[in-house]
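Subject: Structure handover

Hello,

Here is the structure we spoke about, with the sequence. My notes on it follow below.

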Amino acid sequence: NQLNEQDKTSQQLKDLQSATTYEIQLESYKRRRHQKTNDAYIVSSTSKILRFETGAPPDAPSNLNIIACTNTAVRIGFDPFIEHNAEIITLRVYCESISSRTYTKEIILDLTPDSTEFILSNLIERTNYNLIIYAITDEYLHEIHCRDITKLPKKLKSSYWLTNKSLQFTTSGCEPASQINILSATIESIQLNWILPKVYGSTKFLGQILRWKLQRSDIEHSMKLDCNITNTIIPGILSYGLYKISLDSLFSMKTTFDDEHDEINRKEICLTTTETTSVRFQLPGLSEKPEIYLTGYTTTNIDLTWNKPNMFSIIDHPERLNQQMKIHRQLIGYRIEINGQKYNNLDKDQYQCTLTECQPGEDYKVQLVVQTCVQNEYMDDIFLNDNENDEELDETPSKKLRVRMLNNQDLLRSFQANFEFHHNVTKENTIQQRNEVKPLGKINVHWTISNIEDISHFILQWHSSKDLRIQQRILNNDETSFTIDARDEKHFYIIEIIIVTHDGIKHQYEQLKMPIPGEPDAPKLWLVKTSDSSFVVEWSEPKSYGIPVIGFQLYIEGKQAGDTIAVNLHRAEIPSHINRTYQISVCAITNNPQRSRSAMSQTLSVLTTPATNPIPPMYYNNNDSGSRLFDRNTVRTIPVQVESINEEKLHIDWTSFLPMTEIRAYYIHYICLNNGEIQNMQVSKRHQNAILRDLTPGFTYEITVVAVDKDGEIVYTSDKNIIQMSAPPNAPIVAIRERTHDHVTLEWRPAPSYGELAVVGYKMYIDNRLVAILSHDQLTYTLTNGSSCEEYIVHVQALSNDKNISSPMSRGVKFTWPGIKPGAFRRLDDGLTGTVVVAWDHPQLEDETEKLIRFKILSENVATHAVRLHGEYNADTHQATIYDLINGKYHLWLEIQSEHYCVRARPITIGFARFRNRQLYDSAKCFMKKRKRFRSVGTMTMTPTLRQIQYS
């Protein structure tokens, strides 16, 4: 550039490029004239070359890291920015959350240019942050036209002159274990798993503590677990009820920015995850399996029918020995399965079904699955699910019915039967005067054939499941139907048709099974509870036989009481007066006019004597709602003597009592104080003693004898007699603690004893065989000699200090020994071929989920004891050929390997020899001659020795 001003001493250079090296040289010149000649000339001079480099943005730090971190703060260090002729005015720190779950304000911090670390506080724990540190230079301020750094915007505009370094970090913190999943909850154990806790930053995970407590108990149990454990088993024996399960997660958290290894600057915290579960008794399914009947078939169709299964059952109470519980079930529907595959669902009111589009000549396996649920309103709490809306259906399958379809070559094209009621036959006129049973209805049997010309005649045979007496009828070849009188209600008839051709050949086909309808069984009726103003009775739904039950009818004193009760209800509260007796019965109502109701239940006698004052001054008449006064001065107490016969029977005697008024009957009213069960026993007025039977050993009973007059009013009563039955120790409650391939450990609770009897030991029975006698303080027993896949039943009996008194047997604990049971291992070849061929049956696995891996064939030379492996085979192979044996005797066995087991089959012993050419030798015949006592005088000749080789 040319400078025109002579006195100028400086010049600004513009449009230079940053981070570029420049060279500058200043040249000066002056015009002069020669003093003598006055000629003009120019004098010039040049300066030294000046070299300089333009400024550049600072270099970002090579290291930006976290020095220390707590839950709410972080200490960050970094290397200095490196300047390049561009001065750093300030350092700007910008931090913002990048976690989607948090909404926080950004953090802005200005630092001096020489800073190398800083602290960010007021952070949120367990949060992801993005941090950026900027170097602010004059060039950047000039570029964005900002003269004051305090007026910089929150988010800086990116620029060539804005150098930065970023870092993402997470603040410290922790999360407890989550998703506790209860896999199973039984009295034997509670199995559960969960997702491990999470730690962030400098927080450390120390361990876990599992705690559990029965809600109604004050005792809490616990176990310590390692950090990597995600599942465990709470061992039994557990009591029924609601359990609170708590999983404590232990953490160590940093509280300051001091040395990481200084434990003083840390504190331990505990976060707890809680779950509740119920150890409930698993109610059994239906007491009986449904039965499906084949009533007809063609080449393409199958006709089926069935009866509604029994929805009521009585089982032993799982916790209270010598007590029973009653289960009411409700029918939800049916499902038909064919060859293991679902065919269709049916409504609960359906009792027959036709399968269509079957293939001629094919075999089908048909199964009926009954879907039911327990009526929880009649059950105790220990049998109910925690979630009342989560009602799982119980499914009970029938036995598989095998049906072979007719094909196009069969003479028979269809064979079907149906039942038809006689509409003029009712329950009242079924029995004729000569005691001959009229048939309830008839079975119409009909069939079709393919070619009548080939058929000589038909033989139709049938019999009832009641008498099994076979009846038959011979029919002409042009007859295609027949009617059978059905007299045996609630049974079934088996019907078979035999086609006889002209050549005398009999062709037999699938039998039909036709169930005969009948009235339902009588309901069972029992007393639930009584009060001063009412009592509650309950009854069962009886088993039905082709005629559905639509409701129930109650009877009081032989008279119908109220309207028909819905079929799904099994309990009624009946208003009553005190000091009265009531005779209650119930029957089931059907929708069939021929069998409109079931037989009446047993009569239940209910005595409404209050607990506090058994003889109040007012009495009520069953036939009249009014009341009359009774003179208490005439009331006498019945003297009663109670004697124990044994632990289940009591003799009640009041023969010394002389009634002053007419007595209709006596009632023995006894209440079990252990479970509140109320029972009454009616005694004729001619007798003044009775025996109470089937009492529960060890239970306490309150016994009262009352006398009633012809109106059912109580006129005499005895004092209350409280008797405790003598009882042996309770049967132990046994459960399986541990079950592995080499041992099974059983555990039981101490058996409670009563009175002076004490438990002194236990007897252990396996499959009804005594195996051990244990001391009273030994509550576990380990079995070690079981066979894989074999089923065992274990009972435990408590022994008392009276050698003649022992507890009842415990409920049998049935289990299958874990492991693999090898199949038969055998040799197939005849020993004459020079090779050994062996085969084996597929092994039996106790755990169906266990996976077989391989089979191995091994042998041991009996003479040298050398063991050789002859091959490995996959799980689908069941035969092998062995070629590489030498002459000798061997033990040969099969080794079975699965994911968790390795077992050997029983070895077989073989003898092996190789042959050169068996055709070179003729078969030898051996004769045994009688040995002579003299020596031949001729020349003795040596006969060749015969070598006998035995092959196995």
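To begin with one residue, Phe169 is buried, at a relative accessible area of 4% (buried means under 20% relative accessible area, exposed over 50%, partly exposed in between, with a 1.4 Å probe and protein chains only). Residues are numbered from 1 along each chain as its sequence is written, and side-chain values use heavy atoms, with hydrogens and water left out. This is a predicted model, where local features need pLDDT of at least 70 and side-chain atom pairs count only at pLDDT 80 or more, while totals for chains, interfaces and linings use all residues.

Aromatic pairs

The count comes to 24 aromatic pairs. Rings of Phe, Tyr and Trp (its six-membered ring) pair if their centres lie within 6.5 Å; planes under 30 degrees apart count as stacked, over 60 as edge-to-face and the rest as tilted. Phe78 and Phe118 form a tilted pair, because their planes stand at 50°, with ring centres 6.0 Å apart. Phe78 belongs to strand E7 (residues 74-78) and Phe118 to strand E11 (residues 117-120), so this pair ties together parts 40 residues apart in sequence. (Helices, H or I, of at least four residues and strands, E, of at least two are DSSP runs, numbered from the N terminus.) Phe78 is buried at 4% relative accessibility, and Phe118 is buried at 5%. Phe169 forms a stacked pair with Tyr129, 5.6 Å centre to centre and with 20° between the planes. Here strand E12 (residues 128-137) supplies Tyr129 and strand E13 (residues 163-170) supplies Phe169, 40 residues apart. Tyr129 is buried too, at 3% relative accessibility. Elsewhere, Trp654, Phe657, Tyr666 and Tyr716 form one aromatic cluster.

Salt bridges

There are 26 salt bridges (a side-chain nitrogen of Lys or Arg within 4 Å of a carboxyl oxygen of Asp or Glu). Arg211 and Asp248 form one of them, at 2.7 Å from N to O. Arg211 is in strand E18 (residues 204-214) and Asp248 in strand E21 (residues 241-254), 37 residues apart. Both Arg211 and Asp248 are buried, and a network of salt bridges links them with Glu220.

Glu395 and Arg335 form another, with the closest N and O atoms 2.8 Å apart. Glu395 lies in strand E30 (residues 394-397) and Arg335 in strand E26 (residues 324-338), so parts 60 residues apart in sequence are tied together. Glu395 is partly exposed at 41% relative accessible area, whereas Arg335 is buried at 11%.

Nonpolar core

The largest nonpolar core has 52 residues, and those touching the most other members are Ile336, Phe415, Ile443, Trp447, Leu460 and Ile495. Such a core is a set of buried Ala, Val, Leu, Ile, Met, Phe, Trp, Tyr and Cys residues joined through side-chain atoms within 4.5 Å. Strand E32 (residues 412-421) gives the most to this core, with five residues. What does Leu460 touch? Leaving aside residues up to four places away in sequence, its contacts (heavy atoms within 4.5 Å) include Phe415, Trp447, Phe482 and Ile495.

A three-stranded sheet

One open sheet has the strand order E40-E41-E44, with antiparallel pairing (two strands pair if DSSP finds at least two bridges between them). Strands E40 (525-530) and E44 (571-575) are at the edges with a single partner strand each, so one side of each has no neighbour in the sheet. Five bridges join strand E41 (residues 534-539) to E44, and Val536 stands opposite Glu573 in E44.

Regards
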